[in-house]
Amino acid sequence: MKTNRVTLISLIIAILSFSSYEVVSKTVVGHIDPTQLTFLRYLTGGVFLLPFAFADLKKRQKGMTGRDLLNLFALGVLNVAISMNIIQIGYQHTDASLAAIIISSNPIFVALISSFILKEHLSFKKIAGLSIGIVGVLIAMGGTGDMSEPDMLYGIILQVIGMLAFSLYTVFGKKTSQKLGSSAMTAFTDLFGALAVLPLVLAKGVHPFSFDLGAIWIQMLYICIFNTGIAFYLYFRALESLDTSLGAMSFLVKPLLASLIAAVFLGEALSYQIFFGIFFVSAGIYLVLLSTKDTKLQGRSKKKRLKAMDQAPEKVGMES
């Protein structure tokens, strides 16, 4: 499948933005409550994506039922109120490079969860990929600090829980995305998720729109508009022209880029364990993607055989 320059540039900008999020979010710690940041991030990102969502729905000639809205609300709670909120809190207790590695291992757990919930075939290649990826995460964790420190361990546990919740969101959101489009699903789950987080912000006694804007306005502009709004729009726009597997594989560079950015801007150390971990995680995800591609090819081959068998009796009848 051929790709044009605009598509590739869109994908590169999106991945660079996704890779920098952990680093940028570390710089706002102490200036804004993490739950408040999650609320503002997804509220702003959802509002930004809303016009694109309506345009895409109109193009697809799709209307939303009450059941669709209820489903989108549930997905928003799972993604924003649970997953991203927990991950954002975890950022305060771990290095940015470790956070990127844990979150980028999401495709591995999506494959595992899909095998149970969606009954997708769990081949030997996929099992090998899952095992190698998990080993990679464990290796990388060993190179990011003293694992015996309660604060570090607490942050890791939070991020793993948040990543697993995001994996569930990815699996359950598959059918919704196929029906309504990725732009609409992202916009509405962002908005519904932000509304679900709002009571948590108020319960903390935090004013949802009051924070030290003067100290972090550049970071907030980047996180809310560019990272959550524009970057996701560019990514989904690129996927319209790219093979899905190629788009997903682009996330393999996220841990390495995040680690390099964290080393440059936050002074985080780059240990050999991190590079080994990145290698194993990348290898694991690559095997999972290969397994998925093999399954699709087998499905197409089976359809061709069935079609040929259906046509065979017709040819016999014509000959007689």
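What share of the 320 residues in the chain is made up of buried residues? In this predicted model, buried residues account for 46% of the chain. The secondary structure consists of 12 helices and 0 strands, so that, read from the N terminus on, every element in the order α-α-α-α-α-α-α-α-α-α-α-α is a helix. When contacts between residues at least 6 apart in sequence are considered, 88% of them join residues that are at least 24 apart.

The largest nonpolar core holds 23 residues, and the members that touch the most other members are Ile32, Leu37, Phe39, Tyr91, Val197 and Met220. At least two residues of this core are supplied by each of the helices α1 (5–26), α2 (34–60), α3 (66–90), α4 (96–104), α8 (182–203) and α9. For Val197, once its neighbours within four places in sequence are left aside, the residues in contact are Thr35, Thr38, Phe39, Val80 and Ala81. Another core, of 18 residues, lies apart from the largest one and includes Leu130, Ala140, Ile274 and Ile285. In soluble globular proteins, nonpolar side chains tend to be buried together.

At the surface, the chain exposes about 16200 Å², of which 68% is supplied by carbon and sulfur atoms. A nonpolar patch is formed there by Leu213, Trp217, Ile218 and Leu221, which together have about 430 Å² of accessible area. Ile218, a member of this patch, is placed in helix α9 (residues 213–239), and Ile218 counts as exposed because its relative accessible area is 52%, where the cut-off for exposed is over 50%. Helix α9 thus supplies at least two residues of the largest core and also holds Ile218 of the surface patch.

Notes. Residues numbered from 1 in each chain as written. Predicted model: local features only at pLDDT ≥ 70, side-chain atom pairs only at ≥ 80, totals over all residues. Heavy atoms only, no water. Helix = DSSP H or I, 4+ residues; strand = E, 2+ residues; numbered from the N terminus. Buried < 20%, exposed > 50% of the residue type's maximum accessible area, 1.4 Å probe, protein only. Contact = heavy atoms within 4.5 Å. Areas by Shrake-Rupley, 256 points an atom, 1.4 Å probe, with all protein chains shown as cover. Patch = residues over 30% accessible without salt bridge, like charges linked within 9 Å, V, L, I, M, F, W, Y side chains within 5 Å. Salt bridge = Lys/Arg side-chain N within 4 Å of Asp/Glu carboxyl O. Core = buried A, V, L, I, M, F, W, Y, C linked by side-chain atoms within 4.5 Å.
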